[in-house]
Each structure stands twice: as structure tokens, then as C-alpha cells.
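The following paragraphs lead through a predicted model. They turn to salt bridges and then to the packing of helices.

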Amino acid sequence: LQQASTTLSHFQQTDLAFLLPPRQRTKARFMAIDAHINWAQRLIAYHDRGDFSAIGRPCGFSATAWARLHARWGKRRVEPLRALIGQRYATRAALCEALRAAGATALDDDLDDTFWRLADRGYARFLEAFDWLLAYRQLLPQWAQTMAVAKTIQTVLKTHGLARATPAAVQAELAKQDAL
């Protein structure tokens with residue numbers, strides 16, 4: 001939550017405003033943690049789609065991106081791509097198409113995260129703001145499940161009240177959720 005709050009204050013009114021976390025409530029803030037978990041899951045899904053063109057920064061085939069490919073593929077395979085240095089493309093797909101047209105093959109397997117950090121300025125901008133969130137990727141499903149269980153318990157308590165049958169009712173509702 002602290003990192004989300006810091007990110008919000010640093011990047012509001014920028015090109016990343018559409019990706020920012022929800023504002024943290026001042027009262028009962030830990031009761032509204034599910035909004036932050038949902039936001040984090042949506043942001044990681046955005047990252048995994050790999051299209052950062054909405055950030056508004058074009059991809060550019062820079063000399064450092066070319067050098068990265070040179071180190072991985074060798075001079076013979078990369079030399080025809082030298083003519084593309086300095087060119088800008090609206091999306092990753094457009095950059096890949098230009099690389100293919102210049103003679104590069106098997107791009108999907110060979111272009112690693114380091115290359116995209118050098119070439120995709122939108123991706124670099126995304127990482128500048130949200131790189132810290134990617135470390136929570138493995139924990140988010142567990143946190144989302146915990147929130148779902150808590151909400152189920154709240155719903156059962158609000159509709160049926162607290163009685164001897166409440167534990168059985170909660171277990172039945174949780175079993176229904178697992179069946180879905």
C-alpha cells in the first residue's frame with residue numbers, strides 16, 4: 001500500500017495516470033484492500049499483454065537495442081538491421097514487422113525482456129512506475145483468494161447471523177465457490 005501510494009503521488013497527471021492505483025481510504029483502509037488487489041491483478045494483466053502503446057511513447061530501434069541483438073545473435077545475423085537504427089514505430093508489432101522485413105527471423109523466441117526495455121519506450125516508462133509490483137505476481141492470487149473467503153464469511157454473517165449453523169453455512173458457501 002505504501003508503494004502504491006508513492007506511485008500515485010509521483011505519476012498522477014502524467015501519461016501513466018490511467019494505470020495508477022485507486023486512492024487509499026483514510027478510514028477503514030484495510031477493509032478496502034481488495035480494490036488494490038484487483039488493481040494489481042489488472043495491471044499485471046496489462047503488463048502480460050505486452051502492448052504499451054497506450055502510454056503514448058513509441059518503440060525505437062536504438063543503437064543499444066541493436067547492440068543487444070548483436071551480442072545475442074552475432075554480427076552476420078544482425079548487420080542488415082543496422083539500417084533501422086533511429087527509426088520509431090507506434091507499437092511493438094510494427095517494430096517486429098520492420099525487423100522481419102529487414103531479415104530478422106524467429107523474433108518471438110529471441111527478443112527478450114532486456115531488448116524490449118531498450119526498444120519499447122512505453123515499456124520502459126511502465127517499468128519506471130510499476131516495476132515494484134511485478135515482484136508480487138506470485139502472491140496476488142493468494143491474496144485475492146483470501147479476500148474472496150473474507151467476503152463470503154461477511155455475506156453469510158450478514159444474511160444468516162451468528163448461530164451454531166454458521167460454520168456449516170460458511171463451509172457450504174466456500175464449497176460452492178470452489179465448485180465454480
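**Salt bridges and helix packing**

D15, R125 and E128 are joined in a network of salt bridges. Within this network, the closest N and O atoms of E128 and R125 are 3.1 Å apart. Both E128 and R125 belong to helix α8, where three residues, about one turn of the helix, separate them. Their surroundings may be compared through relative accessibility: E128 counts as exposed at 51%, because the cut-off for that class is over 50%, whereas R125, at 11%, counts as buried.

The structure contains seven salt bridges. One of them pairs the side chains of R137 and D48, with an N to O distance of 2.9 Å. R137 is located in the loop between α8 (121-130) and α9, and D48 in helix α2, so this pair ties together parts that lie 89 residues apart in sequence. R137 is partly exposed, at a relative accessible area of 29%, and D48 is also partly exposed, at 48%.

Helix α2 has a further relation to α9. Helix α2 (residues 33-49) packs against helix α9 (residues 140-160) at an angle of about 145°, and their axes are 10 Å apart. The crossing of the two helices is left-handed. On the α2 side the contact involves I33, D34, I37, A40, Q41 and I44, and on the α9 side L140, P141, W143, A144, M147 and K151. Classified by type, this contact comprises nine nonpolar, one polar and two charged residues.

A salt bridge also occurs within helix α10 (residues 166-179), where K176 and E173 are three residues, or about one helical turn, apart. Their side chains meet at 3.3 Å, N to O. K176 is exposed, with a relative accessible area of 52%, while E173 is partly exposed, at 30%.

Methods: Residues are numbered from 1 along each chain as its sequence is written. This is a predicted model: local features need pLDDT of at least 70, side-chain atom pairs count only at pLDDT 80 or more; totals for chains, interfaces and linings use all residues. Side-chain values use heavy atoms; hydrogens and water are left out. Axes are lines fitted to C-alpha atoms, for helices over the stretch in contact, and angles run from 0 to 180 degrees between N-to-C directions. Helices (H or I, at least four residues) and strands (E, at least two) are DSSP runs, numbered from the N terminus. A crossing is left-handed if the near helix is turned anticlockwise from the far one by less than a right angle, and right-handed if clockwise. Contact means heavy atoms within 4.5 Å. Ala, Val, Leu, Ile, Met, Phe, Trp, Tyr, Cys and Pro count as nonpolar, Asp, Glu, Lys and Arg as charged, and the others, Gly among them, as polar. A salt bridge is a side-chain nitrogen of Lys or Arg within 4 Å of a carboxyl oxygen of Asp or Glu. Buried means under 20% relative accessible area, exposed over 50%, partly exposed in between (1.4 Å probe, protein chains only).
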